[in-house]
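Thanks for coming. Please have the model open while I go through it; I will start with charged pairs and then move to the core and the secondary structure.

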Amino acid sequence: MRNKTVGDQELALLQHIAEQEAVSVGEVAATFGEPRGLARSTVLTMMERLRAKSYLKRKQGDGGVYRYSATARQDDVVRNAVGSFVEKTLQGSVSPFVAWMSERKDVSADELAELEALVANLQSKRKER
């Protein structure tokens, strides 16, 4: 079920929840929803969709209030979202994404080193074939 895609707003919500321990709908509505003009019911619906996609789990806490937490690490969720974008929007081609990356002016030295390591890893995998 984990291969279900998430939209931009769901991804932002999931990242928000992943940064915290276990949160209630009310807490998320106040800290995530209100600044974005989202009603509590909308936040609840999004959280339940993420739970149905197995990205969130919930546990009943003190006072009967459900507390939600992420089931996946934040970088796994982002990786899945990027993969979905490449497959659906770019028809599986990474070239447009790489071209966009090459035009960015604000790539840090750490990001560049990470990209170089990824390319080296891809090259070594190719040689193994």
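Glu48 has a relative accessibility of 22%, so Glu48 counts as partly exposed, given that buried means under 20%. This is a predicted model, so please take every value here as computed from it. The side chain of Glu48 meets that of Arg58 in a salt bridge, 3.3 Å from N to O. Glu48 sits in helix 3 and Arg58 in strand 1, 10 residues apart, and the pair links distant parts of the chain. Arg58 is also partly exposed, at 32% relative accessible area. Arg51 joins these two residues in a network of salt bridges.

The search of the whole structure gives 6 salt bridges. One of them is between Lys53 and Glu10, at 3.0 Å, N to O. Lys53 is in the loop between helix 3 and strand 1 while Glu10 is in helix 1, so this pair ties together parts 43 residues apart in sequence. Is Lys53 buried or exposed? Lys53 is buried, at 17%, and Glu10 is buried as well, at 10%.

Staying with Glu10, a polar atom of its side chain lies 3.0 Å from the backbone nitrogen of Gly7. Leaving aside residues up to four places away in sequence, Glu10 touches Thr5, Met46, Arg49, Leu50 and Lys53.

Now the core. The largest nonpolar core has 20 residues, and those touching the most other members are Leu13, Ile17, Val28, Met47, Leu50 and Leu56. Helix 1, helix 2 and helix 3 each give two or more residues to this core. Met47, with residues up to four places away again left out, touches Leu13, Ile17, Val25, Val28, Leu56 and Tyr68.

Next, the strands. Strand 1, residues 56-60, pairs with strand 2, residues 66-70, in the antiparallel sense over 5 bridges. Leu56 has Ala70 as its bridge partner in strand 2. The two strands form a hairpin with 5 residues between them, and in the turn Gly63 has a positive phi of about 75 degrees.

Last, helix 4. Its 15 residues, 74-88, should span 21 Å at 1.5 Å a residue, and the end C-alpha atoms are 21 Å apart, which agrees. Which residues of helix 4 are buried? They are Val77, Ser84 and Val86, and what covers them includes helix 1. Helix 4 also holds a salt bridge, as Asp76 and Arg79 both lie in it, 3 residues apart, about one turn of the helix. Their side chains meet at 3.2 Å, N to O. Asp76 is partly exposed at 32%, whereas Arg79 is exposed at 54%.

Note on methods. Residues are numbered from 1 along each chain as its sequence is written. This is a predicted model: local features need pLDDT of at least 70, side-chain atom pairs count only at pLDDT 80 or more; totals for chains, interfaces and linings use all residues. Side-chain values use heavy atoms; hydrogens and water are left out. Helices (H or I, at least four residues) and strands (E, at least two) are DSSP runs, numbered from the N terminus. The expected span of a helix is 1.5 Å times one less than its number of residues. Buried means under 20% relative accessible area, exposed over 50%, partly exposed in between (1.4 Å probe, protein chains only). Contact means heavy atoms within 4.5 Å. Two strands pair if DSSP finds at least two bridges between them. A polar contact is a pair of N or O atoms within 3.5 Å; within protein, one must be able to donate a hydrogen and the other to accept it, and residues adjacent in sequence count only if both atoms are side-chain atoms. A nonpolar core is a set of buried Ala, Val, Leu, Ile, Met, Phe, Trp, Tyr and Cys residues joined through side-chain atoms within 4.5 Å. A salt bridge is a side-chain nitrogen of Lys or Arg within 4 Å of a carboxyl oxygen of Asp or Glu.
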